[in-house]
Each structure stands twice: as structure tokens, then as C-alpha cells.
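Subject: Structure for you to look at

Hi,

Here is the structure I promised to pass on. Have a look at it first, and then read on for what turned up.

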Amino acid sequence: MTFWILAPIMVAAALGILFVRKAVHAALLLAVVMISLAFLYAVLDAPFLFAVQIIVYTGAILMLFLFVMMLIGVDATDSVVETIRGQRVMAVVLGLAFGTVLVLGISQVTFGVVVGLDEANAGGNVPAVANILFSRYVFAFEATSALLITAAVGAMVLAHRERLTPKAGQAELAAQRMRDYAEHGKHLGPLPSPGVYARHNAVDTPALLPDGTAAESSVSRVLAARGTVRSAPALADDIDDVRRQIGGFDGHGDPTSMPETSGKAGAPATTEEDVQKDVQKDVQKDVDK
């Protein structure tokens, strides 16, 4: 009964692996196939294989696939340009030939009398698996182990990159930032965090510059592309508050009551243009330092 319930689920999930567009969805469908296979092992009185299927394959290897996809990211778009001429035709021909060989080979297989799992697991499931694995199928087991080790070493060799230039230190990175600023006007330090000088510090809230305007570079480009960044009208109150704090302006841009020492050095400015000039001077002094 369990087989007839899980078999259609496994077949549907296996076909989904071939036809879904996103790699993460394919990995999740593969998890469905592996978990269903583990339940079939449990029904067949193979608790060791059931535990190995869940812990090793589903719990370790498949989760590793998912973590790698989440870390490095996988593009959902597929390239339709053939890098090797005729590769699709060859893939179809070889696939059909492989399927034909499988059908012919399986159709000519003869099975002996079924002795039952009780006799196969007479000494226990783990000893029975070990006896078969290291006696009749020892060559296939060792060959598979050698292939896996070779694949792991090959992956490490392919992923290794020789460093052509010495690793830049902190002094070299600081000098490079200064050169980028002098040549291209690139920002010297880290970009402002979302919500700085604003009422909300959410990631979708742009930071406010000293003059009260929103800093577009303080929010993620992904949020900007999605259109989920807070709009300027939503930040109007924040801008007015900042202007009142740094320049003594009310919510309508008019100067509030200020002392009559605006012409002296160090006194607060009484016009919005003076505030912006003072801010630019302070920024220039910091850059010169």
C-alpha cells in the first residue's frame, strides 16, 4: 500500500526535477524523492538504509546543495546559444540509445525465487548490508569510493586560483580609495546605513543627508528595482525635522527665531543657502584632512 502511494509522488517529483526552471525548486523536489525512498526502505525492514538515506543524503548532501545555491546564487535564465555545434541533437540520440539499452537489458533479466527479507536480514540489517557490500560488491564499492574522492580532488583543483598579485593591505586599500575619489569621485568611506537621520531605520528607508535630502545609495539596489523603497512624500516630515535641527527652519522652509549673531564666526546660519554652504565647507574640510 505504501509503495502505491509513494511511487506516483516520486515519479512526479522526478519529472519535476527535469522541467522546473529554478534550481532551488529542483533541489526541493529531489528532497521529496529521497525522503520517499527512505520510507520505502523502512517498509522493507531496512532501518539502517532508512537512517542513512535521511541523515546522509537528505540531511547532509542535499542541504549542502541548497546552502551553496543560497550563498552563490543561481540564475534562473537558461542560455539558448549552443556552445558546441550539434550538442542537442547528440544529446537526444544518446538519450534514446541509452533508454533502448535499458529497456532491452531489463526485459531479459530473470529473477529467482523470492526468499523474503527475514532470511536476508537473519543476522541483522547492518551485518547483512556489510556482508554484501564487502564481499560480493566490494569492487563496485571501492570503485565508487575512488570516483568520489577523485571528483572531490578535481573540484578543489578547478576551484583553486593562483594569486597573481600580492594581497592588498589596509594601507594599499586606503590609498586606492583616495585615488578612486580623486579620479572618479567615488565615495571614500562606507555608504550610509538605511534610515540614518530618519525616523525609521528600516532597510527600505533612505538615509538623510545633512541638507535633508534622501541618499539613494543607502538602500539596496534590489529594493530600488522592486520599487519597495519609501517615497519622498513619506520622508517629508523627516526632512523638515532635520532641517529644523541643523538650520533653525520650520516645516515650511522659513527661518525661525535665531540670535542676532549669524554674521559671527561659529554662529548658526539663518538662511537655507547658508546652511548648505556650511555643510559643504565641513565636508570639504573632512575630505582635505
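To start with, does Tyr57 count as buried, partly exposed or exposed? Tyr57 counts as partly exposed, because its relative accessibility is 39% and partly exposed runs from 20% to 50%. Please keep in mind throughout that this is a predicted model.

**The whole chain**

Let's step back before going on with that tyrosine. The protein chain has 11 helices and 2 strands. If you read along the sequence, the pattern is α-α-α-α-α-α-α-α-β-β-α-α-α, with the two strands following one another after a run of helices. The chain has 289 residues, and 16% of them count as buried. About 22,200 Å² of the protein chain is exposed, and carbon and sulfur atoms supply 66% of that area. As for contacts with a separation of 6 or more, 41% of them are between residues 24 or more positions apart.

The UniProt record, an unreviewed entry, lists residues 5-20, 27-44, 50-72, 92-117 and 137-159 under "transmembrane region". You can compare two of those spans with the model. Residues 5-20 are 94% helix and 0% strand, and their end C-alpha atoms lie 23 Å apart. Residues 27-44 are also 94% helix and 0% strand, with 26 Å between the end C-alpha atoms.

**Where H2 and H3 meet**

Which residues make up the largest nonpolar core? There are 6 of them: Ala27, Ala31, Met34, Leu62, Leu66 and Met69. Helix H2 (23-43) and helix H3 each supply at least two residues of this core. There is also a second, separate core of 5 residues, and among them are Leu6, Met10, Ala13 and Leu40.

Leu62 is a good one to click on in the first core. Leaving aside neighbours within four places in sequence, Leu62 is in contact with Ala27, Leu30, Ala31, Met34 and Tyr57.

That brings us back to Tyr57, which lies in helix H3. Not counting residues up to four places away in sequence, Tyr57 touches Met34, Val52 and Leu62. Tyr57 and Ala31 are 26 residues apart along the chain, yet 8.9 Å separates their C-alpha atoms.

Right beside Tyr57 in the sequence comes Thr58, also found in helix H3. Is Thr58 buried or exposed? Thr58 counts as buried, because its relative accessibility is 10% and the cut-off for buried is under 20%. Beyond the residues up to four places away, Thr58 touches Met34, Ile35, Gln53 and Met63.

Met63 lies in helix H3 too. With a relative accessible area of 28%, Met63 is partly exposed. The C-alpha atoms of Met63 and Ala27 are separated by 8.7 Å, although the two residues are 36 residues apart along the chain.

**A patch on the surface**

Now look at the outside. Ile55, Val56, Tyr57, Ile61, Leu64, Phe65 and Val68 form a nonpolar patch on the surface. Together they have about 610 Å² of accessible area. So Tyr57 belongs to this patch and is partly exposed, while also touching Leu62. Val68 is another member of the patch, placed in helix H3, which covers residues 47-72. Val68 is partly exposed, at 38% relative accessible area.

**The turn from H2 to H3**

Last stop: the link between these two helices. Tyr41 lies in helix H2 and counts as partly exposed, at 24% relative accessibility. What does Tyr41 touch, leaving aside its neighbours within four places in sequence? The contacts are Ala46, Leu49, Phe50 and Gln53. Gln53 is on the contact list of Thr58 as well. Tyr41 and Ala51 are 10 residues apart in sequence and 9.1 Å apart in space, C-alpha to C-alpha.

Asp45 sits in the loop between H2 and H3. Asp45 has a positive phi of about 60°, although it is not a glycine. With a relative accessible area of 45%, Asp45 is partly exposed.

If you want a route through the model, begin at Asp45 in the loop, go on to Thr58 in helix H3, and end at Val68 in that patch.

Cheers

Terms used
Residues numbered from 1 in each chain as written. Predicted model: local features only at pLDDT ≥ 70, side-chain atom pairs only at ≥ 80, totals over all residues. Heavy atoms only, no water. UniProt positions renumbered as here; feature names shortened; annotations may be inferred. Helix = DSSP H or I, 4+ residues; strand = E, 2+ residues; numbered from the N terminus. Patch = residues over 30% accessible without salt bridge, like charges linked within 9 Å, V, L, I, M, F, W, Y side chains within 5 Å. Areas by Shrake-Rupley, 256 points an atom, 1.4 Å probe, with all protein chains shown as cover. Salt bridge = Lys/Arg side-chain N within 4 Å of Asp/Glu carboxyl O. Buried < 20%, exposed > 50% of the residue type's maximum accessible area, 1.4 Å probe, protein only. Contact = heavy atoms within 4.5 Å. Core = buried A, V, L, I, M, F, W, Y, C linked by side-chain atoms within 4.5 Å.
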